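The following exercises concern a ligand site and the backbone of the protein around it. Please study the sequence and the structure before reading each solution.

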Amino acid sequence: MARHTFARTTFAALSAVTLLALGACSSEPPSSDAGDGGSDGGSGSDLISVGFSQVGAESGWRSANTMSIKDTLTEENGFELSFSDAQQKQENQISAIRNYIAQGMDVIAFSPVVETGWDAVLEEAKGAGIPVVLTDRAVETTVDDAYVSFIGSDFIEEGARAGEWAAEQYDGEGYKVVELQGTTGSAPAIDRQEGFAGAIEGTDLEMIDSQTGDFTRDGGKKVMEGFLTAHDDIDLVFAHNDDMGLGAIEAIEAAGLKPGEDIKIITIDGVKDGMTALADGKINYIVECNPLLGPDLAEVIEKTVAGDAVDARIVTQDEAFDQEGAKAALPDRQY
Ligand code: AHR
């Protein structure tokens, strides 16, 4: 089992390159940008060919993450990127990764939609000698040295920070809490739930319902509508991301209640729309999840192909914001 046991494999390689940067772009459904046949991995180009399989375009966070990756892994920075959008489907990711293996990419990177079910394809990449880098989300695998590095936030810590803030504010008041979970089986949904539950354990906050809204605004709205029909005593919503929290705001307002006052809301991410709702008083607290993983990914790839050691785990640093903090941070927010 290797969810937190990562390899320090290095792979001999091509030439070194310069990199850096962030910027803008977007991911549209049909799967692949440079086309799954777009990269000439192994054809003799000086560029490092990278196949990246993205989860989808389910949230503002995901769009910012895609933007960071595309704007960093540019030809100018020494990369030839083949990008594919899996539309939140594991089978699409597996097929994209198999394509990248067949093309002989120098490096494959992906953000796994769910934690399990990757052993076969990771074994295939390993057999082909292609290093794999995980971004954003972890996997559980029995394959040894399945990937060189995992870059992303500590999701258990994010859930715990959300729960600790809730407990600090509302312990002793007998608050009833509902939870909007992320995609079932995904690392952030599993870990944020665990972190939050641990933090409110032993307090007067009581979790009365918890369902998945699949990290989407629409999903959050629909699940919140169901919660409001089933319960007339909800005090607090813990949403695993901003988008579901924003959907919950719509449902709460449609029910004639005031989000942020009649029903408090805590979310995770800190994208512009979420931070704006926080500054407007409709959300009460946001734990950040930084999506700008492109520069770290580029550095790991560059070092890997150069045969240098890389950190097996790179933990992204996240902040947290209350309503005043959001007002101060918004003018400089990049995403
Ligand atoms: O894996 C990160 C999560 O995925 C973000 O919190 C969420 O917005 C996204 O969909």
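**Exercise 1.** In this predicted model, determine how many residues of the shell around the ligand are nonpolar, polar and charged.

*Solution.* Begin by listing the surroundings of the ligand: Glu58, Ser59, Trp61, Arg62, Asp136, Arg137, Phe155, Pro188, Arg192, Phe215, Asn241 and Asp269. Next, sort these shell residues by class, which gives four nonpolar, two polar and six charged.

**Exercise 2.** Identify the helices that each supply at least two residues of the shell, and explain where the ligand lies with respect to the domains.

*Solution.* First, assign the shell residues to helices: at least two come from helix 1 (60–72), and at least two from helix 5 (187–200). Then turn to the domains. Shell residues are given both by domain 1 (31–153 + 291–318) and by domain 2 (155–289), so the ligand lies between them.

**Exercise 3.** Find the distances from ligand oxygen atoms to N or O atoms in the side chains of arginine 62, aspartate 136 and arginine 137, and state how much of the ligand the protein buries.

*Solution.* Consider each side chain in turn, with 3.5 Å as the limit for a polar contact.

- Arginine 62: a side-chain N or O atom is 3.0 Å from an oxygen atom of the ligand.
- Aspartate 136: the corresponding distance to a ligand oxygen is 2.8 Å.
- Arginine 137: a ligand oxygen is 2.8 Å from an N or O atom of this side chain.

Now consider the area. The ligand taken alone exposes 280 Å², of which the protein buries 100%. As a final step, locate the site among the cavities: the ligand sits in the largest cavity.

**Exercise 4.** Establish the sign of phi at glutamine 88 and at phenylalanine 215, and place each residue in its loop.

*Solution.* For glutamine 88, phi is near 60 degrees, a positive value in a residue other than glycine. Glutamine 88 belongs to the loop between strand 2 (79–85) and helix 2 (90–102).

For phenylalanine 215, phi is also positive, near 70 degrees. Its loop runs between strand 7 (206–212) and helix 6 (217–230). To connect this with the first exercise, note that Phe215 is one of the residues surrounding the ligand.

Methods. Residues are numbered from 1 along each chain as its sequence is written. This is a predicted model: local features need pLDDT of at least 70, side-chain atom pairs count only at pLDDT 80 or more; totals for chains, interfaces and linings use all residues. Side-chain values use heavy atoms; hydrogens and water are left out. A residue is near a molecule or strand if one of its heavy atoms lies within 4 Å of it. A polar contact is a pair of N or O atoms within 3.5 Å; within protein, one must be able to donate a hydrogen and the other to accept it, and residues adjacent in sequence count only if both atoms are side-chain atoms. Accessible areas come from the Shrake-Rupley method with a 1.4 Å probe; for residues, only the protein chains shown count as cover. On a 1 Å grid over the protein atoms alone, a cavity is a set of points where a 1.4 Å probe fits but cannot get out, and a pocket is an open set with protein on both sides within 12 Å along at least five of seven lines; lining residues have an atom within 4 Å of a point. A molecule sits in a cavity or pocket if more than half of its atoms lie within 2 Å of its grid points. Helices (H or I, at least four residues) and strands (E, at least two) are DSSP runs, numbered from the N terminus. Ala, Val, Leu, Ile, Met, Phe, Trp, Tyr, Cys and Pro count as nonpolar, Asp, Glu, Lys and Arg as charged, and the others, Gly among them, as polar. Domain bounds come from an automatic or database domain assignment.
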